Amino acid sequence: MPNASVARPRQGRALWSHLVAAVGAAAIAAAACGGDGNAGATPAAATEGPPAVDPGAARAPAAAPSPGPTTSLPPNELGRIPVLEYHLIQDRVFDEFERPPARFRQDLEVLYAKGYRPINLTDVLDRTGLQALPKGTSPVIFTFDDASPEQFRWIERDGQLIVDPTSALGIWQDFQKTHPDWGNKAVFCMLPAAGAGHAFFGGKNVQGQKPEWRFKKVQYLQQQGFELCNHTLYHARLDRAGDQVQEFIARGQLAIDSATGGTYKVRSFALPLGMWPKQKSLAWHGSWTDPKTGKTVTYDYPIVLEVSGDPNVNPYDGTWDPHHTNRQIMSGNALEVLLKRLEKPGPQGRYVSDGDPHKVTRPEPATADGKK
Ligand SMILES: [Zn+2]
């Protein structure tokens, strides 16, 4: 089932047509993280720069989570888990790749009110995060692709770096102030070296973002508990990448390793434009040797994210295949349509926690008259 709706080629996308063109093969080296053409460069820049990150904003909510809204649907731990896909959070909407900040905030409100709570992909993989969900709540996974400043923008104020409240992360943190059981769980599928500011959320002073903040932003997300996901070096289509498939993926990996000082194990990978390489397995396992340093980077991802498709089954379903994880692009009223579709008991409905971390509650079969 997860493979039923293979992502379609998504050509002619305004967002990526200008972006990839802005980089081009010759410019990759200059745009790469660290600024010296080596995405695996020393993370020295990450520890430099005078402004401190505002510690208030950096803290996760300290208050004991209060139980928020739950669903009246019965426990259903064989249900579906939606994986939402966001790109730019901005007011100007051209197609399905932009979400206005106010609408993004509304998405959080809608999900929370229905009893959804965010978790990471790794929480599904390990089962623990799934099993830890309070009774009557459902998991939802947010993915943010392409590492734009619109997702994570800093502003300098009184010598401190503040998360811009109009960026996706700023909206998220503001939402947490009044919804303390909304955790720091979301997946950032990042590019280190694409154009138009899609380089660890900035670079080249796009939207006031400084190049030396890039590694710090990745570290910040890691420290906050968000999941770091690889989205290749600069978003080249892997179906056309020829013998560079492993290089593009490995250099994305290398950049995250550099930013985090090798302290983070990346476990998820998002296919640019949902396009698979000719040899599919190279999306989740491969290696590349840097000709300059002779160093070999190996990657091994249990999760590969596609672009579109049906909501995924979960690890307790025998057909679960995280190498083909579907997502739903959040545009227009796609969220409402999706949630309505999941608002039912049984394997086609949403996963609903039983609140017991030690057991997996399967939905009871309905009787002929539709009642239990
Ligand atoms: Zn992308």
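H235 sits in the loop between strand 10 (227–230) and helix 8. In this predicted model, H235 takes a positive phi of about 80°, although the residue is not a glycine. Is H235 buried or exposed? H235 counts as buried, because 25 C-beta neighbours fall inside 10 Å and the cut-off for burial is 20 or more.

A196 is another residue other than glycine with a positive phi, here near 55°. A196 belongs to the loop between strand 9 (187–190) and helix 7. A196 counts as buried because 20 C-beta neighbours lie inside 10 Å, and 20 is enough to meet the cut-off.

V206 lies in the loop between strand 9 and helix 7. Its contacts, leaving aside neighbours within four places in sequence, are P149, A196 and G197. So A196, with its positive phi, is one of the residues that V206 touches. V206 has 18 C-beta neighbours inside 10 Å and therefore counts as partly exposed. P149 is 57 residues from V206 in sequence, yet their C-alpha atoms are 7.8 Å apart.

**Helix 7 against helix 8**

Two packed helices are described by the angle between their axes and the distance between the axes. Helix 7 covers residues 214–224 and helix 8 covers residues 245–260. They pack at an angle of about 80°, and their axes are 8 Å apart. Helix 7 is therefore roughly perpendicular to helix 8. Which residues of helix 7 and helix 8 meet? Helix 7 brings F215, V218, Q219 and Q222. Helix 8 brings I256, A259 and T260. By class, this contact has 4 nonpolar residues, 3 polar residues and no charged ones.

E247 is also in helix 8. E247 is buried, because 21 C-beta neighbours lie inside 10 Å. S287 is 40 residues away from E247 along the chain. Their C-alpha atoms are separated by 7.5 Å.

**Helix 4 and its distant partners**

T122 is placed in helix 4 (residues 121–126). T122 has 20 other C-beta atoms within 10 Å, so this residue is buried. Not counting residues up to four places away in sequence, T122 touches E227 and R267. R267 is 145 residues from T122 in sequence, but the two are 7.3 Å apart, C-alpha to C-alpha.

The C-alpha separations described above can be set side by side.

| Pair | Separation in sequence | C-alpha distance |
|---|---|---|
| T122 and R267 | 145 residues | 7.3 Å |
| V206 and P149 | 57 residues | 7.8 Å |
| E247 and S287 | 40 residues | 7.5 Å |

Contacts across long sequence separations also show in the chain totals. Among contacts between residues at least 6 apart in sequence, 71% join residues at least 24 apart.

**The hairpin of strands 7 and 8**

Strand 7 (residues 154–157) and strand 8 run antiparallel and are joined by 4 bridges. I155 has I162 in strand 8 as its bridge partner. R157 is partnered by Q160 of strand 8. The hairpin has 2 residues between the strands, and D158 takes a positive phi near 50° there.

How do the side chains of strand 8 (residues 160–163) point? They alternate along the strand. L161 and V163 point to one face and are buried. Q160 and I162 point to the other face and are not buried. Q160 and I162 are also the bridge partners of R157 and I155.

**The chain as a whole**

The chain has 372 residues, and buried residues make up 47% of them. Its secondary structure comes to 9 helices and 15 strands.

Confidence varies along the chain. The mean pLDDT is 84, and 80% of the residues reach 70 or more. Over residues 1–50 the pLDDT is below 50, and this stretch has 104 contacts in the model beyond near neighbours in sequence. Residues 55–63 also stay under 50. That stretch has 10 contacts beyond four places in sequence. Where pLDDT is low, the predicted coordinates should not be read in detail.

Technical notes
Residues are numbered from 1 along each chain as its sequence is written. pLDDT is the predictor's confidence in each residue, from 0 to 100. Two residues are in contact if their C-beta atoms, placed from the backbone, lie within 7 Å. A residue is buried if 20 or more other C-beta atoms lie within 10 Å of its own, exposed if 12 or fewer, and partly exposed in between; C-beta atoms are placed from the backbone. Two strands pair if DSSP finds at least two bridges between them. Axes are lines fitted to C-alpha atoms, for helices over the stretch in contact, and angles run from 0 to 180 degrees between N-to-C directions. Angles under 35 degrees count as roughly parallel, over 145 as roughly antiparallel, 65 to 115 as roughly perpendicular and the rest as oblique. Ala, Val, Leu, Ile, Met, Phe, Trp, Tyr, Cys and Pro count as nonpolar, Asp, Glu, Lys and Arg as charged, and the others, Gly among them, as polar.
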